[in-house]
Amino acid sequence: MSSNDWNEVKLLAADFQRIQLTTSSQRLGERNCVEIVAKLISTKLLDVVFTTDGKEYVTPKHLTKELKDEAYVQGGRINILDAARALKVDPDVASNLCEKLAKDEPDDYCIVHGQLIGLTYLNQITEDILDKLEQNGHINSLQISQQFDLPVDIIDSMIKKRSKNLGFNLHKNKNNPYLYYTDSYFNSIKRIVRGALLAITRPVLCTAIINQCSIDEKDFFTVFENLLAEKQIPGTLTDRIGNSCTYVPNIHTKTLNNWVMNFYTNNNYLGI
């Protein structure tokens, strides 16, 4: 602050003090007060915001406190436009307040899709997700992101952050990056798929097996690849284009080979 500005502030302060000591008829009018405050604002000697209802000047610090309170009342997240209406300030002012709060307190707040979101809100969502995961054995982060109107990468990040402290192992389906599952769920699907495959004696479309087992298509292929690696599958997949293919059991291949060999042995020729 320059010496001239400081002298001006002292003069204004002296004026205010003198006015307070004078009779009411000689006191400064509302218009004069507004002009003085406007002067202080324009010279950046006073940092306040004029409310949209034209009744108050409010400091950013006070507005930030009200913003936090409003977010809390709204359950931990609030749309910036709704915050502007609640605080009675211009949307640009509310947006700047939210951005500054998220920058100054990154461990407590973030801005997502035009909303100020408290991390306590995200932690609560994560708790609900993990409870559901423990109960059902699997979750889909994309569906959860759509349910709560949050980016899927935030959901994935929160799950990953908490997964280290879980009382069970958590895996991500490599055929479906949005699907998380527990060991117990994966093993139950393995038993279902292996039982179905062991019962098959002729070539069957994989879609028919999937429908019969009532499981997700990507779950099926993830489990199939795992069983194949463990040599627990008595057959192979053929004609696979994407997820469209046929499962051919070894017993069918063996039976077909035996028939061909027997035919050749008995007839000394094979038809082409």
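## Exercises on two pockets and one arginine

By class, five nonpolar, four polar and three charged residues make up the lining of the second largest pocket, where Ala, Val, Leu, Ile, Met, Phe, Trp, Tyr, Cys and Pro count as nonpolar, Asp, Glu, Lys and Arg as charged, and the others, Gly among them, as polar. The model is predicted, with local features needing pLDDT of at least 70 and side-chain atom pairs counting only at pLDDT 80 or more, while totals for chains, interfaces and linings use all residues. Residues are numbered from 1 along each chain as its sequence is written, and side-chain values use heavy atoms, with hydrogens and water left out.

**Exercise 1.** Determine which elements give two or more residues to the lining of the second largest pocket.

*Solution.* Begin with the lining, which includes Lys68, Tyr72, Asp107 and Tyr121. Then assign elements: H3 and helix H6 (119-136) each give two or more residues, helices being DSSP runs (H or I, at least four residues) numbered from the N terminus.

**Exercise 2.** Establish how exposed Arg194 is, and which residues it contacts beyond its neighbours within four places in sequence.

*Solution.* First, place Arg194 in helix H9 (residues 183-199). Next, take its relative accessibility of 33%, because of which Arg194 counts as partly exposed (buried is under 20% relative accessible area, exposed over 50%, partly exposed in between, with a 1.4 Å probe and protein chains only). Finally, leaving those neighbours aside, Arg194 is in contact with Leu227 and Gln232 (heavy atoms within 4.5 Å); the C-alpha atoms of Arg194 and Leu227 are 7.7 Å apart, although 33 residues separate the two along the chain.

Terms used: 1 Å grid on protein atoms, 1.4 Å probe; cavity = no way out; pocket = protein on both sides within 12 Å on 5 of 7 lines; lining within 4 Å.
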